[in-house]
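Good morning. Please have the sequence and the model open while I talk. I will go through some aromatic rings, one sheet and two loop residues.

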Amino acid sequence: MLGPSSTLRFHFRFSGRRADRAVPFKSLTEQMENSLRSYQKEVVQVALSGENSIIWLPTGGGKTRAAVYVAKRHLEAHPKAKVAVLVNKVHLVDQHYQKEFRPHLGHTVNIVAISGDSKEKDFFGRVVRDSDLVICTAQILENAIINTEEDKHVELTDFTLLIIDECHHTHKDAVYNKIMARYVKGKMEGARNLPQILGLTASPGTGGAKTLEGAVNHVLQICANLDSVIVSTKNYVPELRQVVPRPIKKYDIVDTRFFDPFGDHLKEMMRMIHGYMASGITFREMGTQEYENDVVELEKKGVREENRLLAQCALHLRKYNDALLINDTVRMVDALRLLQDFYRTKSENRMDTTDIFLSGLFEENQVELRLLSSDARNENPKLAQLQRTLLDQFQDRNSRGILFSKTREGTRCLYNWVCANPALQRADIRAAILTGAGNGANHMTQTSQKETISGFRVGDLNLLISTSVAEEGLDIPECNVVVRYGLLTNEIAQQQASGRARAMDSVYSVVAQAGGREMRREKTNEYLEELTERAVAEVQRMEPGNFRRKVSELQRAAVIERYAAFKRREEKKKRYDPSLVQFICRSCFTPVAHGDDMRVVNNSQHVNINPVFKNYYQIGGQVRIDRTFEDWEPGHVISCAACGLEWGFEVRLREVVVLPCLKIKSFSMKTPQGNCTAKQWKEVEFVVEEFDFTEYMSSRFLDLDLD
């Protein structure tokens with residue numbers, strides 16, 4: 001069995017505040033043990049022995065309840081124990097706290113739940129020291145490990161047990177893996193007092209592998225990343241199947257859409273843009289992800305070459321392709337509205353003949369598009385099938401369902417369709433959107449996420465229209481309908497979505513076109529789900545010594561690979577002198593700044609400290625963020641004064657300094673080796689200095705004596 005250093009397992013004396021509660025705490029533990037099912041008792045045995053393990057149980061099998069029991073036993077046995085429960089989605093912090101850990105531990109243990117909108121995150125280190133159990137997003141723990149301030153900083157060794165929810169995300173550059181990379185490196189360097197690890201997953205997946213050997217290697221890699229064995233029930237499979245019945249899976253097949261004059265008209269407009277570019281570039285099929293990839297690369301090429309015609313045409317083609325994808329999924333009017341919103345912003349900033357042509361093309365065709373979109377005979381047949389599916393499943397007024405869509409824009413379109421559909425309204429379908437939390441225009445605030453989930457849980461809402469945010473962890477036992485609509489995902493997402501249908505006789509419906517890609521992917525995922533089960537069984541059958549050797553080899557390789565990648569990143573950062581890197585607006589190619597104008601604040605915000613930069617941007621509306629921050633607050637949106645491209649927003653630092661905070665995606669960078677772009681600031685090839693508040697104030701106010 002794998003686990004922390006053998007000298008770690010605790011020898012503390014039973015003392016401190018929890019000693020006074022030892023008897024009632026133990027009796028509560030016995031009560032909880034009696035409430036566990038036999039298969040749950042089986043899968044926690046490795047964890048109770050103090051070894052690292054991954055509990056693999058299907059959605060609804062009670063993984064979290066098993067983890068609560070392990071935490072309770074751990075805290076009971078070791079008075080100085082400290083537990084962290086890590087989740088990968090904000091709404092799971094509150095769910096785990098309210099539904100699992102507080103009900104079973106709250107009277108005996110000091111529990112704190114911390115997410116992005118919690119003030120406690122600003123002094124996380126102190127909270128950890130004063131608490132027995134902390135529930136938080138993994139990113140908050142990662143930030144605290146990096147932070148050097150005493151009240152915020154923590155070490156992995158401050159904890160004695162880490163519970164990692166949805167632990168199949170512990171791979172590549174995911175935040176779980178960043179945390180565990182420190183653990184593995186520490187273990188290999190002989191570190192003492194590393195915490196015990198308990199991972200929870202409904203599906204480790206195959207990692208993209210299509211063969212048993214590849215799937216086994218993927219499961220082994222997950223085990224290596226978590227330094228754990230993977231356990232599942234062997235003796236109580238019938239009980240587990242009885243507790244977690246699989247939903248009835250049905251394919252609601254839609255005939256091929258042979259007549260689509262609205263989509264055909266959009267494609268003809270796109271061909272006109274192809275002709276205007278006169279570039280001889282070959283594109284793949286319009287209305288597909290492949291076409292989007294083509295125009296994304298074309299826009300990058302235009303930016304590198306400072307060819308505005310290519311770059312702008314590519315941006316407009318991508319928006320037309322988005323409209324085709326919406327037309328293929330939802331209503332024609334939704335696709336038209338997307339284009340209307342896009343061109344409403346473009347009409348205000350026409351710079352050259354390319355802008356005039358592109359805006360004029362849409363304006364000349366808008367009336368025809370409106371007429372085509374209003375003809376009900378041309379409507380998307382998938383919607384008719386989706387309506388039949390929902391009406392069939394919502395005959396019972398107590399039904400509760402989740403409708404999964406690929407994008408935030410797709411969820412908004414489907415919501416508008418449901419609200420405008422008389423038949424669905426007569427069926428008393430009360431819908432709401434659930435998407436990821438964030439600060440963007442189409443993101444939900446954390447507060448609205450909580451309100452939506454709460455409304456669904458108590459029955460005020462009976463249909464969530466959601467992106468993948470609801471696939472993992474969302475615990476609604478009454479949910480009896482899951483519909484996947486126009487989705488191409490992997491086997492993990494399919495299993496997670498299916499697992500949201502928790503009630504007896506639940507239905508899992510796939511609405512897809514006959515012979516379409518969604519159908520093919522769904523069938524492939526069914527095979528991959530079986531392959532995952534075979535791979536896990538193969539790993540569990542491995543001789544313990546051979547398993548440990550394989551895991552150690554993978555861990556050594558990962559440490560070496562991460563070190564090499566770190567050195568490459570460090571070298572890349574030093575490639576150019578910041579003063580030789582010129583920032584250019586990505587839309588109009590106006591030179592506006594240099595790399596040495598940039599500073600980084602809080603290891604996340606990149607601001608321009610050159611006062612001349614203010615001449616290049618205009619100020620828009622106030623940015624609203626659904627939480628407060630310790631030493632900064634958002635200001636107004638900023639955009640290019642020449643072309644109107646949004647660049648970011650102003651930030652007010654320490655209530656004194658207002659500086660522009662820039663999105664790197666809004667700029668290209670002219671270097672001694674040519675033009676380049678970056679998706680994230682960590683990709684830039686020069687060093688960005690830390691912002692020094694004292695130095696900045698001294699440079700701006702020369703009569704200020706700070707010596």
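Before I place anything in a loop, a word on naming: helices and strands here are DSSP runs, at least four residues for a helix and at least two for a strand, numbered from the N terminus. With that, Arg 654 can be placed in the loop between strand 20 and strand 21, the latter being residues 657-662. Keep in mind that this is a predicted model.

Staying with Arg 654, its phi is positive, about 55 degrees, although it is not a glycine. Is Arg 654 buried or exposed? It has a relative accessible area of 52%, and the cut-off for exposed is over 50%, so Arg 654 counts as exposed. Arg 654 also lies over the face of Phe 693, at 4.4 Å from the ring centre.

Lys 172 also has a positive phi, about 50 degrees, and is not a glycine. You will find Lys 172 in the loop between strand 5 (161-164) and helix 8 (175-188). Its relative accessible area is 71%, so Lys 172 is exposed.

Now the rings. A pair of aromatic rings is described by the distance of the centres and the angle of the planes. How many aromatic pairs does a search of the whole structure find? The search finds 13.

Take Phe 583 and Phe 686. Their ring centres are 6.2 Å apart and their planes are at 75 degrees, so this pair is edge-to-face. Phe 583 belongs to strand 14 (residues 582-585), while Phe 686 is in the loop between strand 23 (674-676) and strand 24 (689-690), and the two are 103 residues apart. Phe 583 is buried, at 1% relative accessibility, and Phe 686 is buried at 2%.

The second pair is Phe 613 and Trp 647. Here the centres are 5.5 Å apart and the planes are at 25 degrees, so the rings are stacked. Phe 613 is in the loop between strand 17 (605-608) and strand 18 (617-622), and Trp 647 is in strand 20 (residues 646-653), 34 residues apart. Phe 613 and Trp 647 are both buried. Ring pairs join these four residues in a cluster that also includes Tyr 617, Phe 667 and Trp 681.

Last, the sheet. Strand 14 is part of an open, antiparallel sheet of four strands, in the order 15-14-22-23. Strand 15 (591-594) and strand 23 are the edge strands, each pairing on one side only. From one strand to the next, the twist averages 30 degrees. Strand 14 and strand 15 pair over three bridges, and Gln 582 stands opposite His 594 in strand 15.

Key:
Residues numbered from 1 in each chain as written. Predicted model: local features only at pLDDT ≥ 70, side-chain atom pairs only at ≥ 80, totals over all residues. Heavy atoms only, no water. Phe/Tyr/Trp six-rings, centres within 6.5 Å; stacked < 30°, edge-to-face > 60°. Buried < 20%, exposed > 50% of the residue type's maximum accessible area, 1.4 Å probe, protein only. Lys NZ or Arg CZ within 6 Å of the ring centre and 35° of its normal. Pairing = 2+ DSSP bridges. Axes fitted to C-alpha atoms, helices over the stretch in contact; angles between N-to-C directions.
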